[in-house]
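Hi,

Here is the structure I said I would pass on. Have a look at it first, and then read my notes underneath.

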Amino acid sequence: MALLECRQLTKNYGGVLALDRVDLTVEAGRIVGLLGPNGSGKTTLIKIANGLLVPTSGTLTIAGMAPGPDTKAIVSYLPERTYLSDWMNVVQLLDFFCDFYPDFDRSTAEHMLTALEISPRLRIKQMSKGTREKVQLILVMSRKARLYLLDEPIGGVDPATRDYIIRTILTNYNEQASVVISTHLIADVENVLDDVIFINKGRVALQSSVDQIREEKGCSVDELFREVFRYAE
Amino acid sequence: MLSKLLKHEFRATARVMLPVYVLLAVSTGLFCLSMRIDPTYELRALTVFRSLMGFIFGVTIIGTGIVTLALMVYRFYKNYMTDEGYLMFTLPVSTTQLLWSKLIVALVWSIVTALAVMAAALLTMVSEGILGGLLPDLRTIWSYLLSQLTTGQLVSFGVEFMVLIIISSLGSYLMFYAAISLGHSFANHKLLLSVVFYLAFSVGMQTIASFGGVFGIIAISEDGFFLDDPAIWVQRLALGGIGVALVIAVVFYVVTHLMLKKRLNLQ
């Protein structure tokens, strides 16, 4: 059974078609790049998968279930925004994640926090934007989830942190789990991806494995992306 | 999972509510102390202190109520409608649990605030010796009630009164929640629309209360019970009130639940 499956998934925001009859599947054990320009529908798709939006028509299932408490228990979601309460400190956040997610591995999180020299007593409001993003990523990646949905995880951080984040993603997910990374910074993630989904104007333009692209098209994902999404001269 | 939501919501609200109660206790203590100062005492500073403490006590009493209401409404907005909503709505819990966690915590703090304010008022009355003077009157009222009503009726009035207060409080919070969740289902001007919805609900409620109140009293009084047996009249009034409060609370609950589940639109 596919881990994530969309069938004719459509989302209409007051006349604007954010997703238009999207069909796609993500199998277990894959790292998938959800790639597309800004406003292409990536975030909308991820929000529907997390139950934050209700589709206008069509279906989206995770391990055969419609988004709800049961799917949220197996999905680890990194939104593009900082969702942490700024009055909380790191220890309180770890308590929070331990309470709600049985798959949260506290020792992994503590290990990563130590590696990044983030004090457990530091409050979110005392942190820089970059540190907040790191803490959020640590919390999300310390879960032993079946599906990780990461929305622009490397968008606003420096290249060194970007490398750390990508290494973190690679070392923390297990073989049965899948990771969907939404981004437009393709060159940074290309080497870790198994599959790519190109999405443009709410429609799936291409779904393929990275190997297939290299063999059949003879180019990198980044090059193919630039070709597919080239603006008219 | 509801218990975990409650635990974290109490933790988040207690960091504001507990200092507020400490402030109330301190201002009550200082006010009681200041009242022991003879107002005719010659040292002006002490009489100024007495007036000042009275003013601060009054402000703290009103402030405690306002802070309780404002904090509970703000928590719903901040935790569910802003970026924090991305975490809260992706927890493995149902919308019903999310809604009830806020409602239960709001209700509990409201009750604690009501008890704290009553205790503060009672303490100042005891300290000033006003309560001693009032006791004979209270006894007279109590014995009059006992002579008119059976113990069973008194208990049932007490229970009905409590139920009415609880349901009305829930309804009041749900009116805020419904307005906020409706306002935030739109793409723009979310806060402004929330205020507009709240004002619209308030006007609607006032209208219903004016007409409903008059017709309700006529309806329960028309067969002459009003004059013959006040106990039955009060009983009907209480039950009618509970019924109306319940309908209002249910309507706002359904609206809020529907908005959070189907029309959530986080920025």
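Below is what I found, going from the contact between the chains to the inside of each one. Keep in mind that this is a predicted model.

**Where A meets B**

Chain A puts 18 residues into the contact and chain B puts in 16. On the chain A side, two helices, α2 (69-72) and α3 (90-100), supply at least two residues each. The biggest giver there is α3(A), with three residues. If you sort the side of chain A that touches chain B by class, you get 10 nonpolar, five polar and three charged residues.

**The two domains of chain B**

The domain assignment splits chain B into domain 1 (1-133) and domain 2 (149-267). Going by C-alpha atoms, the centres of these two domains of chain B are 24 Å apart. They do touch: 16 residues of domain 1 and 14 residues of domain 2 of chain B take part in the contact.

On the domain 1 side of that contact, α2 (44-81), α3 (85-88) and α4 (95-128) of chain B each bring at least two residues. The largest share comes from α4(B), with eight residues. And what about charge on this side of domain 1, the one that touches domain 2 of chain B: how many charged residues does it have? There are no charged residues on it, just 12 nonpolar and four polar ones.

**One residue to click on: Leu98(B)**

Leu98(B) sits in helix α4 of chain B. Is Leu98(B) buried or exposed? It counts as buried because 24 other C-beta atoms lie within 10 Å, and 20 or more is the cut-off for that. Not counting neighbours within four places in sequence, Leu98(B) is in contact with Leu5(B), Met88(B), Val93(B) and Leu260(B). For another distance to check on screen, try Leu98(B) to Asn79(B): they are 19 residues apart in sequence, and their C-alpha atoms are 10 Å apart in space.

**The sheet in chain A**

Back in chain A, you will find an open sheet of three strands, in the order β2-β1-β4, with antiparallel pairing. The edges are β2 (16-26) and β4 (57-62) of chain A; each has a single partner strand, so one side of each has no neighbour in the sheet. On average, neighbouring strands in this sheet are turned by 20 degrees against each other, ignoring direction.

Strand β1 (residues 4-13) of chain A pairs with β2(A) over seven bridges, in the antiparallel sense. A pair to look up there is Cys6(A), which stands opposite Leu24(A) in β2(A).

Cheers

Notes:
Residues numbered from 1 in each chain as written. Chains lettered and ligands numbered in written order. Predicted model: local features only at pLDDT ≥ 70, side-chain atom pairs only at ≥ 80, totals over all residues. Contact = placed C-beta atoms within 7 Å. Helix = DSSP H or I, 4+ residues; strand = E, 2+ residues; numbered from the N terminus. Nonpolar A, V, L, I, M, F, W, Y, C, P; charged D, E, K, R; others polar. Domains from an automatic or database assignment. Buried ≥ 20, exposed ≤ 12 C-beta atoms within 10 Å, placed from the backbone. Pairing = 2+ DSSP bridges. Axes fitted to C-alpha atoms, helices over the stretch in contact; angles between N-to-C directions.
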